[in-house]
Amino acid sequence: MDTIYNFLADYVNVLLWDYFLTYGLLFAGLYFSIRFGFPQVTRMWEAFKQVFGKLFKKDASQEGSMSSFQALATAIAAQVGTGNVAGVATAILGGGPGAIFWMWVSAFLGMGTIFNEAILAQVYRMRDRNKGDLVGGPAFYLSKGVGSNALAKFFSVSLIVALGFIGNMVQSNSIASALTTAFAIPEWVTGLLVAVAAILIFAGGMKRIASFAEFVVPIMALVYIVASLVILFLFRDNVVPAFKMIFVGAFTPQAAIGGIAGASVRAAVQKGVARGLFSNEAGMGSTPHAHAVAHVDHPVQQGLAAMVGVFIDTVIVCSATALIILVTESYLDPALKGAQVTQAAFSIAFGGGGSVLLAICLTFFAFTTIIGWYYFGESNIKYLFGTKGVLPYQILVAIFIFLGALQEVDIVWMLADTFNALMVIPNLFGLFYLSNQVKGILEDYDRCKLEGRIFYDYDVK
């Protein structure tokens, strides 16, 4: 087992994440941003209106679909997870404060990629033959658009393993660790409760998942953001110096300080870009499964909504974590790692209650990610096996959730990184291959707007 772990850690994941995918996803984001006229700049106001313009109106959906906001909430449920708490801290410790600047860069460019993904997911979707629910994602645009069943199946298997099984083990382990630390709850109790709660939501299908995400995600994000703003207010004298550390560190090598290792500019770029991309999932092929089933008049509308998801995840939530770590100087304790650094920031600001508050936030972050990742896996189960594969998949996911809570196994975390990387490769190929079609769909959208109508002739099988 140690041999496998070392091989993955020293060779496979270093090659995939530190080089190929970090810079490959960054290049993809730059290419798609240029190709589509930088929609994250030229269309961002329209994107916010698409998401929040109907906030106090009924955002309509049709039978077997989600509303645009429900689809976005489901995507954000998966995007906002333990990486927003532990991953940001790890990026700062490994790459210095400057890593946060490059995290923002990756988010900016990632909006161009996820814009592409969401549009393709809308176009290449279908209805399952049993319930009539819409289903879609990279496997569908790889098979129907690119014409490669082999790539589609490779992607599906990689995602099911990466997110549905291994990824959800990691998330349940994070919940168990947080609740054990804060409330001394035994890991097996947490694992059982999380597995039961999850399967009750799974069993309700798309409708229950959408309702859960629509209700929980805004509250979850709001609580964390408000708590972060309070910390920033309490340490307001350190806010400007924190931003200075970020911008200076992005282009200047950093000396070792407290828990932060001496970091080169290259380390800042790698850690920041990797953290941003892993957190917002742009280009990974995960969130298109949610955006595929949104009921909108034109695919571009959901592409706009998808960009807002990246903004919320990285620019708001990840930035909140980074700033509270820097202003409270929780990074100065060299004994702290990952989520412990963020936990220390909350404790410095709020005393003993801070640790409890973060544990609650982390639990909701991880649990909503479990629900989102389950749903993404279910879409690929339907692609591979049809609806008959859904019940066995639900049972297996529940088992993995329970087992993941029992103990942290380093090889499991390493395998999660490996399979996450493997699913990116066919997805990126499909995005590049079909980008001309997306360009045409964007032009159609602009024509429709000039004509005073928003309509796209869907051909949903």
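In the predicted model described here, the protein exposes about 18,100 Å², of which carbon and sulfur atoms supply 67%. Beneath this surface, buried residues make up 59% of the 461 residues in the protein. The secondary structure consists of 19 helices and four strands, and the C-alpha trace spans about 60 × 50 × 45 Å along its principal axes. For a chain of 461 residues, a compact globule would be expected to have a radius of gyration near 23 Å, and the value of 21 Å found for the protein agrees with that expectation. Of the contacts in the protein with a separation of 6 or more, 83% are made by residues 24 or more positions apart. With respect to charge, the protein carries 27 positive and 27 negative side chains, and the centres of these two sets lie 7 Å apart.

The cysteines were then examined. A disulfide is a covalent bond between the sulfur atoms of two cysteines, and a search of the whole structure finds zero disulfides. In the case of Cys318, the closest cysteine sulfur is that of Cys361, and because the two sulfur atoms are 14 Å apart, they are too far from each other for a bond; the cut-off applied to such a pair is 2.5 Å. Cys361 is likewise in no disulfide, the nearest cysteine sulfur being that of Cys318. As to their surroundings, Cys318 is buried, with a relative accessible area of 0%, and Cys361 is also buried, with a relative accessible area of 4%.

Attention was next given to the backbone. Most residues other than glycine have a negative phi. Phe38, although not a glycine, has a positive phi of about 45°, and its place is in the loop between α1 (2-35) and α2 (39-42). Phe38 is partly exposed, with a relative accessible area of 29%. A positive phi, of about 65°, is also found at Glu281, which is not a glycine either. Glu281 is placed in the loop between α12 (265-280) and α13 (288-291), where its relative accessible area of 3% means that Glu281 is buried, since the limit for a buried residue is under 20%.

Two asparagines located in helices were considered in turn. Asn380 lies in helix α16, which comprises residues 352-385, and at 1% relative accessibility Asn380 counts as buried. When its neighbours within four places in sequence are left aside, Asn380 is in contact with Ala139, Phe155, Ser156, Leu159, Ile160 and His289. Asn420, for its part, is found in helix α18, formed by residues 410-433, and with a relative accessibility of 2% Asn420 counts as buried too. Its contacts, again leaving aside neighbours within four places in sequence, are with Trp17, Ala162, Leu163, Phe278 and Met284. Asn420 and Lys337, which are 83 residues apart in sequence, are separated by 23 Å in space, C-alpha to C-alpha.

Terms used: Residues numbered from 1 in each chain as written. Predicted model: local features only at pLDDT ≥ 70, side-chain atom pairs only at ≥ 80, totals over all residues. Heavy atoms only, no water. Helix = DSSP H or I, 4+ residues; strand = E, 2+ residues; numbered from the N terminus. Rg over C-alpha atoms; globule rule 2.2 N^0.38 Å. Buried < 20%, exposed > 50% of the residue type's maximum accessible area, 1.4 Å probe, protein only. Contact = heavy atoms within 4.5 Å. Areas by Shrake-Rupley, 256 points an atom, 1.4 Å probe, with all protein chains shown as cover. Lys, Arg positive; Asp, Glu negative; His and termini not counted. Charge placed at Lys NZ, Arg CZ, Asp CG, Glu CD.
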